[in-house]
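The exercises below concern the structure shown here. Please attempt each task before reading its solution.

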Amino acid sequence: MNSADHAQVVALIERYFEGLYHADSSVLRQVFHPNLAYVCATEGDELYLDLDTYMSRVDGRVPPAKRGDPRDEAILEIAFGSQSLAKVTARMSMMGRDYLDYLTLIRHGGEWRIVTKAFTYIPRRT
């Protein structure tokens, strides 16, 4: 894809990280597709949620920012499959865990949105 698409995806993922760090569902709703599929693939903690159920969980958590968790996140890979399909591999540490996210993005209303969030985590070593 072109550099504008790449920049838009990077900006979207930065908002995603920001929304998670501040547990801000209004920000996260701007990055997720309305038909989001949320999938936790951690053995023994498998979970499948829709957008509204996931946002209720976000609203109920103490934000990592309030807990004083340091910011630790990175985009590991961005790949485009077409003009309307992309995937992002990202990692972050928060709430005592290290996360690995596989995010599928599609164009929705002319903007990139995360339609699938599949992830796993491991407890952070202390």
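The model is predicted.

**Exercise 1. Helix H3 and the strands**

Determine which strands helix H3 lies across, and at what angle to S1 it runs.

*Solution.* Step 1: Helix H3 comprises residues 51-59 and lies across strand S1 (32-40), S2 and S6. Step 2: The helix runs at about 70° to S1.

**Exercise 2. The buried side of H3**

Identify the buried residues of H3, and decide how they are placed around the axis.

*Solution.* Step 1: A residue is called buried when its relative accessible area is under 20%. In H3, Leu51, Tyr54, Met55 and Val58 are buried. Step 2: Because these residues cover an arc of only 100° around the axis, they are on the same side of H3. Step 3: The elements that cover the buried residues of H3 include H1, H2, S1, S2 and S6. Step 4: At the start of the helix, a side-chain oxygen of aspartate 50 comes to within 3.4 Å of the backbone nitrogen of aspartate 52.

**Exercise 3. The order of the strands**

State the order of the strands in the sheet, and explain why S2 and S3 each have one side without a neighbour.

*Solution.* Step 1: The sheet is open, has 6 strands with mixed pairing, and follows the order S2-S1-S6-S5-S4-S3. Step 2: Strand S2 (47-49) and strand S3 (73-82) stand at the edges; each has a single partner strand, so one side of each lacks a neighbour in the sheet. Step 3: From one strand to the next, the twist averages 15°.

**Exercise 4. Two hairpins**

Describe how S5 is paired with S4 and with S6.

*Solution.* Step 1: Strands of a sheet pair through backbone hydrogen bonds, in either a parallel or an antiparallel manner. Step 2: Strand S4 (residues 85-94) pairs with S5 in the antiparallel sense over 10 bridges. One pair in this arrangement is methionine 92 with its bridge partner in S5, tyrosine 99. Step 3: Strand S5 (residues 97-108) and strand S6 (residues 111-123) also run antiparallel, and 12 bridges join them. Here threonine 104 has threonine 116 in S6 as its bridge partner, while aspartate 101 stands opposite phenylalanine 119 in S6. Step 4: The hairpin of S4 and S5 has 2 residues between its strands, and the hairpin of S5 and S6 likewise has 2 residues between the strands. In the latter, glycine 109 takes a positive phi near 60°.

**Exercise 5. The length and ends of H1**

Check whether the span of H1 agrees with the value expected at 1.5 Å a residue, and examine both ends of the helix.

*Solution.* Step 1: Helix H1 (residues 3-21) has 19 residues and should therefore span 27 Å. Step 2: The end C-alpha atoms are 27 Å apart, which agrees with the expected value. Step 3: At the N-terminal end, asparagine 2 acts as a cap, with a side-chain oxygen 3.0 Å from the backbone nitrogen of alanine 4. Step 4: Just after H1, alanine 23 takes a positive phi of about 45°. Step 5: Among the buried residues of H1 are Asp5, Val9, Leu12 and Ile13.

**Exercise 6. Positive phi outside glycine**

Is alanine 23 buried or exposed, and how is methionine 95 classified?

*Solution.* Step 1: Alanine 23 is found in the loop between H1 and helix H2 (25-31). Its relative accessible area is 12%, so alanine 23 is buried. Step 2: Methionine 95 is placed in the loop between S4 and S5, and its phi is near 55°, a positive value in a residue other than glycine. Step 3: With a relative accessibility of 23%, methionine 95 counts as partly exposed.

Definitions and conventions: Residues numbered from 1 in each chain as written. Predicted model: local features only at pLDDT ≥ 70, side-chain atom pairs only at ≥ 80, totals over all residues. Heavy atoms only, no water. Pairing = 2+ DSSP bridges. Helix = DSSP H or I, 4+ residues; strand = E, 2+ residues; numbered from the N terminus. Axes fitted to C-alpha atoms, helices over the stretch in contact; angles between N-to-C directions. Contact = heavy atoms within 4.5 Å. Expected span 1.5 Å × (residues − 1). Buried < 20%, exposed > 50% of the residue type's maximum accessible area, 1.4 Å probe, protein only. Polar contact = N/O pair within 3.5 Å; in protein donor to acceptor, adjacent residues only side chain to side chain. Arc of directions from axis to C-beta.
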